[in-house]
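Below are my notes on the model you sent, set out as numbered points. They go from the annotated site to a single helix, and then to the contacts between parts.

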Amino acid sequence: MTQGANSFSLTRGLNAWREEIDAPVASFFSSCVHCGLCAQACPFYVETGDPKYTPIHKLEPMRLLWEQEYTLWGKLKKAVKDRIDAQLGRQPRPLITDEMLEEWEPLLYDSCTMCGRCSMVCPVGNDIHYMIRKAREGMVASGHAPEGLIAASVRAVKTGSPMGLQWKTLEVQIKHVETATDLEVPIDKAGADYLVLLSSMEIINFPEYLEAITKIFDHAGVSWTLSRDCFEATNAGVQIGSKDIGAQLVQRVVDAAEQLGVKNVISPECGHAYTGIRWEGPNMIKRAYPFKVFHIIEVLDQLRAEGRIQTEGKEMDRLSMHDPCNLARKSGVVKQQRSLMDLVAGDFVDLEEHGEYQWCCGAGGGVSSNERAEELKLAAFKRKKAQIEEVEPERMVTMCATCRTQLEEGLEEFNMDIPVVGLTEMIADHLVEKEESEKP
Amino acid sequence: MTPMDFLLLTKGPLFSVAIAIFALGILIRLAEILTLGRAKNYAAARGNEVIPGLKTVYRRFNPDPGTFKRSPFDVIVGTLWHVGFVVALLLFIPHVELIKSTLGIGWPGLPNPVVDAVTAITLLGLIAALIHRLTQPVKRFLSTKEDYLIWAVTFLPVLTGYLAYHRLINPYPLALGLHILSAEVFLIVLPFTKLTHIFTAFVARYYNGAIFGRKGIQS
Amino acid sequence: MAAPKTLGESLRQHGVSRRGFLKFCAATASMMALPPSMAPAIAKALEQARRPSVIWLSFQECTGCTESLTRSSSPTVENLIFDVISLDYHHTLQAAAGDAAEHAREQAMHANAGDYLVVVDGSLPGPNANPGYSTIAGISNYEMLMETIEGAAAVVAVGSCAAFGGLPMADPNPTGAVAVQDLVKDKPVINVSGCPPVPMVLTGVLAQFLTFGTLPELDQYGRPLAFFGQSIHDRCYRRPFYDKGLFAETFDDEGAKAGWCLYRLGCKGPMTYNACATMKWNSGASWPVEAGYPCLGCSEPNFWDAGGFYKALSVPIGAPGKALLGAAALGAAAGVAAGAMSRHESKQATKYHDKVNAQELEEKL
């Protein structure tokens, strides 16, 4: 079929699900016994108490399709049902309808950040977030994706940034960083070791980040570059749940990296960008990369381990940390940020459930781009708030712009005076100043 | 039909039929899951798949502390009756004899009073689990007819086993026949309901562990 | 023919003391669930009882039942009672043979019409089976039974063959054997099952018939409840070992020597209802389980086909292991085929995949 020959339709959505159903999905659906423990792992259920937010329930339409088309037993049941319908001369009732998907749209998008916490606790071992990600493919193809995410995807494809941010805006910031640090921000430097990507949200909300890595990389002597063709790391396709959109976006990163011949690509302080480039990207474009992908925190920790980061002084207020789901639970980066914290924090206390068992901030997985989910997003944050209240930190540290924004907004909403800082900036603040003579 | 005819029917042809339907059904289920396969993963792995996969198979027997704190009932009662069911099923001497004669492999059993106590706990656990399913909001919301069916199908063999052991149904061939029949119903229903989780949960756990393991997390 | 002696006279003639006789009567009372105070009344009634006519038909049997009932190491009240009935026809025991024997049977039937007891041991080819499998004096068993019960007061099926079909009826039942109760519908049938049955049970039934002219209360298999009301398991002296889970696993292991439960060696005690554990055998000397041998369940219907004497009660009959393997292999093949079909469906879906593009998404806004 040619591109765009179909419009969004139920048929197209179901077709997408058929593409997505694989052995793990079949084993997961075969195993669920409706124990409901996944609900207790979901901030949306825990904070609203509404059983419809039970993670596995969000997959019911896809489960119906699996049962009917991917099990011999389901096929038999369907054959019998069809036979009865034919005998009674009535139309068979459709298994899945557009109305059903419409009902499920808020469940799959507004009340799920794909944080994967449910996947960690399911007693039968269902990886529910793995299936939610797949289910979203069918929602997009059937025309049931939320407007906010559609808009972000369109902007990302058309402008290169989900927020519509242009290179010239970044350029202004680069100039600003260069003035402030007296250092050069390398652009399009072929053969650099690292290609640094940014997220639009960072550029707008947390310009400190660019300054911080400029300082750190200079300090550690890292060869790096930005790419004028592709500075955006985020991937709206991953959030809306479209491999096609995702592939288009990640291809830009791959092209830029290949063109500059870099060995490594650094994903910024953004959760889903890392998932998008590190884990989903190669599968969306259907080939392995000729370069490695790291989260900035991994790179910093590597530099630390190699003794290339020298710090002085420590933050002496009580600090705690929020692990971004995409970085910790979904990518296995847990120790690195703690080793880095040790460098610069004098009074660090972890939240009780952290690392792979952390609680989501409530904004990831596209929830923050989905205006309709505003209220739920704040409700889900209450879980994080409760966790923070338990350890009573003076400041929170994190390493994802979406989490950081959510934490800032949420804490403000509840009148909690706890500032949120990015870990990279904090490291940058404690670098040992070079002697004048060492400066280039 | 005399109770003895009934017992011989359940011990004889019905048992073979039930075990054949069970084996046919569950192997279809398992084979059709595994045959589906997974798409090739092009992303560079951070960790191994196999070892974390196998570890998760084991780890999901013990819930994480947070889950235990939030759902102690599910964890305690769920574990209790599952373990009780398996102990009664696999370690009651008459069952050991049955397995030995059917599969050719045997193992030591537990003394009858131990199995008896375990069975009583299992029965209570199952009743508690049903009440919980009927009252806890998430469980009640999720539950379908099938959930109640499989509860009954699971409960009956334990109940009839308990009654037969204590000789509370007479004559004994009727008691034993009912117990065997309810076990056969369990076997027959198993592959066509979510009782398949008895087998597929291990596959699911493995995949879960493998998917996370590849990314460097022990799930 | 001399005037028939009363049972009392006959017992005295055989030197049975009054004391021994009363003891028997007390046992009979307890078996009929009567208070012990009834024992003298029973004794009185028995003493005055006339010898009832008994016609004993032996069909497809092994004579084990007759052996059990007649051969005792020393004469007991039980076998004396057995001796003093007027056993008018019993072709194993009677001196007469051929036509003379058959003539005796017909004569007894005629003389005692309506009053005599018919005792049957052995099963018999059913009305639809080839009658040639078992005949006596050219008469098929079926014909003889139906003819003989015509004027009978009651029929006692002695032994598991007569009661339930027994060995002849066991799979594959080549002779089309049936039990007495399958054929006798209009007369009371008392089943005294066992292979062989406990002797006291038959004499007990006879004693009651002689005393009260009544037949005992029966269980659902037509067996006297007094003897078959409790299972071997419930009265077994090895039961505490079962309850503790102490089992002999071979006939010569430590458990066997220590007298542990014989369940794993195939004891059918839990499903078997009989009086062996309380009345024992050979004048109360012992009984199979006491001798270290598992109960075969011989007093239960179909015990020959119940899965093997040395297989535990819980072991299924037939070849479920083969059924399991066969079905598993078939299931695996069918599952792989079904999975391949599903996989194909997924592949087709990928073929029909229609790429989502920004343009069409934008149109949705």
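Notes on the predicted model

1. Cys236(C) sits in the loop that joins helix 13 (232-235) to helix 14 (239-244) of chain C. The model is predicted, and the remarks here should be read with that in mind. Cys236(C) is buried, because 24 other C-beta atoms lie within 10 Å of its own, where 20 or more are required. Leaving out residues up to four places away in sequence, Cys236(C) touches Gly269(C), Ala277(C) and Val289(C).

2. Cys261(C) also belongs to a loop, the one between helix 15 (254-257) and helix 16 (276-279) of chain C. Cys261(C) counts as buried because it has 26 C-beta neighbours inside 10 Å. With residues up to four places away in sequence set aside, the contacts of Cys261(C) are Arg238(C), Phe241(C), Tyr242(C), Leu246(C), Phe247(C) and Ala248(C).

3. Both cysteines appear in a UniProt annotation: an unreviewed entry places the feature "binding site" at His233(C), Cys236(C), Cys261(C) and Cys267(C). These residues span 35 residues in sequence, but no two of their C-alpha atoms are more than 11.1 Å apart, so they gather at one spot.

4. UniProt, again from an unreviewed entry, gives residues 228-307 of chain C as "domain: Cytochrome-c3 hydrogenase C-terminal". Over that stretch the chain is 24% helix and 0% strand. The C-alpha atoms at its two ends are 22 Å apart.

5. Turning to chain A, helix 9 covers residues 147-159, which is 13 residues. From first C-alpha to last, helix 9 of chain A reaches 18 Å, close to the 18 Å expected at 1.5 Å a residue. After helix 9 of chain A comes Gly160(A), with a positive phi near 90°.

6. How many of the 13 residues of helix 9 of chain A are buried? The count is 10, and the helix is thus described as mostly covered. The buried residues are Gly148(A), Leu149(A), Ile150(A), Ala151(A), Ala152(A), Ser153(A), Val154(A), Arg155(A), Ala156(A) and Val157(A). Their packing partners in chain A are helix 6 (98-110), helix 13 (236-240) and helix 14 (243-260), and helix 18 (358-364) of chain C joins them.

7. The domain assignment divides chain A into domain 1 (10-145), domain 2 (161-304) and domain 3 (311-429). The centres of domain 1 and domain 3 of chain A, taken over C-alpha atoms, are separated by 31 Å. Their contact takes 15 residues from domain 1 of chain A and 21 residues from domain 3 of chain A. On the domain 1 side, helix 3 (43-48), helix 6 and helix 7 (117-121) of chain A each supply at least two residues. Helix 3 of chain A gives the most, with five residues. By class, this side has eight nonpolar, four polar and three charged residues.

8. The contact between chain B and chain A takes 49 residues from chain B and 47 residues from chain A. On the side of chain B that touches chain A, two or more residues come from each of helix 2 (13-36), helix 4 (65-70), helix 5 (72-91), helix 8 (137-142) and helix 11 (197-214) of chain B. Helix 11 of chain B provides the largest share, nine residues. The residues on this side of chain B divide into 20 nonpolar, 16 polar and 13 charged.

Methods. Residues numbered from 1 in each chain as written. Chains lettered and ligands numbered in written order. Predicted model: local features only at pLDDT ≥ 70, side-chain atom pairs only at ≥ 80, totals over all residues. Helix = DSSP H or I, 4+ residues; strand = E, 2+ residues; numbered from the N terminus. Expected span 1.5 Å × (residues − 1). Buried ≥ 20, exposed ≤ 12 C-beta atoms within 10 Å, placed from the backbone. Contact = placed C-beta atoms within 7 Å. Nonpolar A, V, L, I, M, F, W, Y, C, P; charged D, E, K, R; others polar. UniProt positions renumbered as here; feature names shortened; annotations may be inferred. Domains from an automatic or database assignment.
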